[in-house]
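Here is an informal walk through one protein model, taking in its packing, its rings and its charges. Have the sequence and the structure open as you read.

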Amino acid sequence: MRSRKSVSKEHIALDPGDFKQNEEKRKYPSQTISPYVGILFILFLLALFGLVVLNGAYLPTPLKRTDEALHPDEFITERAQQDLKYLTDLGPRVVGSYENEVLTVEFLKKRIQEIIHHSHSSQKIELDVQIVSGSYYLDSRPTRKINIYANVQNVVVKLYGQDANNSLLLNAHFDSVPTSPGGSDDGINCVAMLEILRLFSKHKTRPLYSVIFLFNGAEESGLQASHGFISKHKWAEESKVVINLEAAGAGGSIVMFQTGPNRPWLNEDYGKVPHPSGQTASEELFQANVIPSDTDFRIFRDFGNMVGIDMAFVRDGYRYHTKYDGFNNIPAGSYQQVGDNVLSLVKSIANNPELANENPITGNVVFFNFFGGTFISYTTSTAVIVNLLVFGVSFLTFFISLRRFNLDLTVNTIFYFTQILAATLFGWLLASLSVIFLAFMLDYVGYSMSWYGNPWLAIGIFVIPTIITSTPLLLLIQPLRISRNANCFIQAQTIRLIWTTFMAFITLLGIRTTYPLLILVLFDTLAYVAVLLFKLEHRVWLWKIVYIIISIIPTWFSMSVSLNLFEFFIPLSGRIGSNKIPDIIIGFAAVLASLLTLTPYYFLISVLRKPAQFYKIMIAIFAICLVIVFTPLGFPYSGDVESPTPQRFWILHSQRVFHSEDGGVIKKDSGYFLLNMDRNSPRSVAKYVDEFKRSVPLEDDCKNFLLCGLPLAHQKMTEVVKHSTWIPASAPIIPEPVNLKVNSKTWISSTTLRYNLSIFGPDHSMFYLSPKKNLKLLSMSLVDKLADEDVLWNDRPYYFFVYTCGKEVVPVEAIFDFSVPENHSGPVMDIAVAGNYVHPKKFRMTPDFKKFLSKFPDWADMTAWVANYQSWIV
């Protein structure tokens, strides 16, 4: 055991006489700091966060045509910009529109033919325009749908490789949603593909494998054109790997958010790109259906048995699927970043023998960016080994620290540790409950989502309260007869052991997103190893300085991971429906991010000389931010075209007709159907639009009719349709009403009844079918097999069909077989058809509808069209 003399400088092992010293000496004033230093440290962390934001906004320098002589094999942004300018000037490119089916297809054909004409003589390039029809079942939980499409188009180019029988597929879609010019979604990726095709066409040598460029013309309508390619195109079977390019935002960097499945070599190739960006957390959240979107990657994976990489622009998600997703808001550096990355990736994969390897090395992968430019990936088996090794080293470092401070595992020592654990965990629980309560109260008084347009407010109203509520209990810990310095040293490592235990637990659960905890625990452990190695633990301030310097690395990483997720999820909260409380979601996420980032520094609370002063300042900051929430500065929405944070509205001027069993009309009405996209809808606009005073409840319609008797435009609307708004109004102008025709009704057996139906509607139609109680749908001609599990509406199974036409509109012809009791004579099903007239040039708005829309404020982004709904009992 060490002599008392060796520890006398910091009063580590105190005898009873030490407690007879005066009050000031017992508080070890030499080991405390001013509370204002604590505030300065918070400001330091905010400055560090600012650097993280700046680093995340970095984009490469764009190349112009004048740079081509010096960079002949590199992506030229200026050329891609010119192509995108043409596409966005066309306006929305909606499936079935002249802009999509004629102008865009002709533009792509012309550009590709020019590339072929100027290609190197050694290259073989083939162009094909596919017009395709088909149908398939998509299990997009919790809702599902049958996708039907007719005459949609794909523009497909094959750059032949040395091995022409195995190909890399590069995919982007050229269609857009109604009302949006589709600059980022997905125009920028289409023009990037054109430039990459041009560069490959100039090469003297062919790649090892062929590269197929798929410009698909029907993604926004339900991932339909990609299915048409992979199920029916002549080059589908040879396509082994896909690079899918998407957007859920505008500008910034394109990030990899899905890979594989189970192909580590894809991550190795991606790690070679010039500007890598991606993390496993995005993949796990996306595949858990947390994000209300899907991409063509799913179609290639599920229907083509393909592996690959899914990438998307995600920054500035406020512009996604709005009128603000245009040409002018995309930085030139974004073109260069996607161009450089995809060009590099295509070169790597198209020349990698693994593409055609029928027995590849498999395994799930953990991947993330480390300090921006470094991309790290490793298999999950490696992750388990690394995580458990770090787990062991973390605990070993802790026990060595105990020995350095002459602490054995006695009853008193265990009680001391229990105090730290209890104070820490209860503080975290208190912080979570406090922020959730605050979020609930803000929602209750009608001030939800103040952080939506002002993300910095989330720091003031969620992060600051986390600090205020999670730390004071640490001040109540009664340390053993050890110095304040030793108490800090042990307390900080005890908190690390909590994170270490969490890391091991979620590792054993098979969750791959353990790397934020791994980086935290690893560098925290390394910091203490360094302190112990150089015997600095008794140097009261020196070890803290060394620790803080090393901890900048995990702090930066935690901030970066948190920033990436919040940049995506804050705009996303504007389209999750009015039935969810986004303040609770964002608030709780802020608590987790705060604890992960800040708890390594919680031990500093114990060295504040007057902690009450620190808390008073923090409470004052919180109070100021809370007051801002209730002022115009805290208003969530903005229509500023330079930095929009719009509130979204889907508004359908609808006519509804409900038929009885004998075909007669039992109900007919018209109105404005509003799908409430966020928590504040429609409350936020009610004072501007007086028609909301005439809204009527939908409860009875939801009980009596399939899907509330409303003309839905997407199957995910079924999750929030009961929270919609219906305002009675004059009838819309319907270009051509939807209709249903029963061609035949045939008994296949004594208990099987077959219906042959024709369904008529515009190029964007939906229909829903639900068998009557105690009856069952056995099969249909549109898909090979029905789902094993039914989706229910009012305790009855129902089926949701999406139907889209491209170049030519044709009716749906379908056969349905039902299981019914012998001698059944009554109706078999309820069926409804909803037609959505989404092309402004093909429908006219009534003066009343125009006046209604004109009353909405400029920060409202409206997707408005005309709809016709009719239902039958057959």
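Is Phe200 buried or exposed, going by its relative accessibility? Phe200 has a relative accessibility of 3%, and because that is under the 20% cut-off, Phe200 counts as buried. Keep in mind that this is a predicted model.

**Around helix H5**

Phe200 belongs to helix H5. If you skip residues up to four places away in sequence, Phe200 touches Gln123, Leu159, Leu343, Val346 and Lys347. There is also His120, which sits 80 residues from Phe200 in sequence, with 9.1 Å between the two C-alpha atoms.

Helix H5 spans residues 183-201 and also carries Glu195 and Arg198, which are 3 residues apart, or about one turn of the helix. Their side chains meet in a salt bridge, with 2.8 Å from N to O. How accessible are the two partners? Glu195 has a relative accessible area of 1%, so Glu195 is buried. Arg198 comes in at 11% relative accessibility and therefore counts as buried too.

**Other salt bridges**

Searching the whole structure turns up 35 salt bridges. Here are three of them side by side.

| Salt bridge | Closest N and O atoms |
|---|---|
| Glu195 and Arg198 | 2.8 Å |
| Arg319 and Asp316 | 2.7 Å |
| Asp669 and Arg656 | 2.8 Å |

In the pair of Arg319 and Asp316, the partners fall into separate accessibility classes. Arg319 is at 4% relative accessibility, so Arg319 counts as buried. Asp316, at 23%, counts as partly exposed.

Now for Asp669 and Arg656, which form a salt bridge with their closest N and O atoms 2.8 Å apart. This pair links distant parts of the chain: Asp669 is in strand S11 (residues 665-676), Arg656 is in strand S10 (residues 647-659), and their positions lie 13 residues apart in the numbering. Both Asp669 and Arg656 are buried. Shared partners can also tie salt bridges together, and here they join Glu68, Arg79, Glu195 and Arg198 into one network.

**Charges over rings**

Arg656 shows up again here, lying over the face of Trp726 at 4.2 Å from the ring centre. Arg656 thus has a part in this arrangement as well as in the salt bridge with Asp669. Lys722 does something along those lines with Trp793: Lys722 lies over the ring face, at 4.8 Å from the ring centre.

**Rings with rings**

To describe a pair of aromatic rings, you give the distance of the centres and the angle of the planes. How many aromatic pairs does the count come to? The count is 54 aromatic pairs. Take Phe391 and Phe395: their ring centres are 4.8 Å apart and their planes sit at 45°, so the pair is tilted. Both residues are in helix H11 (residues 380-404), and because they are 4 residues apart, about one helical turn separates them. Phe391 has 27% relative accessibility and so counts as partly exposed. Phe395 is partly exposed as well, with a relative accessible area of 22%.

Phe852 and Phe856 make an edge-to-face aromatic pair, with 5.4 Å centre to centre and 85° between the planes. Both Phe852 and Phe856 are buried.

Rings also gather in groups. Phe368, Phe370, Phe371, Tyr378, Tyr515, Phe523, Trp556 and Phe557 form one aromatic cluster.

**A strand residue and its contacts**

Where does Val307 sit? Val307 is in strand S7, which runs over residues 307-313. With 10% relative accessibility, Val307 counts as buried. Leaving aside neighbours within four places in sequence, Val307 is in contact with Lys240, Val241, Val242, Gly260, Pro261, Arg263 and Leu266. One of these, Val242, is 65 residues from Val307 along the chain, yet their C-alpha atoms are separated by 6.3 Å.

**Out on the surface**

Which residues make the nonpolar surface patch of about 730 Å²? Phe437, Phe440, Met441, Tyr444, Val445, Tyr447 and Phe630 do. Among them, Phe440 is placed in helix H12 (residues 411-444). Phe440 has a relative accessibility of 41%, and so counts as partly exposed.

Definitions and conventions:
Residues numbered from 1 in each chain as written. Predicted model: local features only at pLDDT ≥ 70, side-chain atom pairs only at ≥ 80, totals over all residues. Heavy atoms only, no water. Patch = residues over 30% accessible without salt bridge, like charges linked within 9 Å, V, L, I, M, F, W, Y side chains within 5 Å. Areas by Shrake-Rupley, 256 points an atom, 1.4 Å probe, with all protein chains shown as cover. Salt bridge = Lys/Arg side-chain N within 4 Å of Asp/Glu carboxyl O. Helix = DSSP H or I, 4+ residues; strand = E, 2+ residues; numbered from the N terminus. Buried < 20%, exposed > 50% of the residue type's maximum accessible area, 1.4 Å probe, protein only. Contact = heavy atoms within 4.5 Å. Phe/Tyr/Trp six-rings, centres within 6.5 Å; stacked < 30°, edge-to-face > 60°. Lys NZ or Arg CZ within 6 Å of the ring centre and 35° of its normal.
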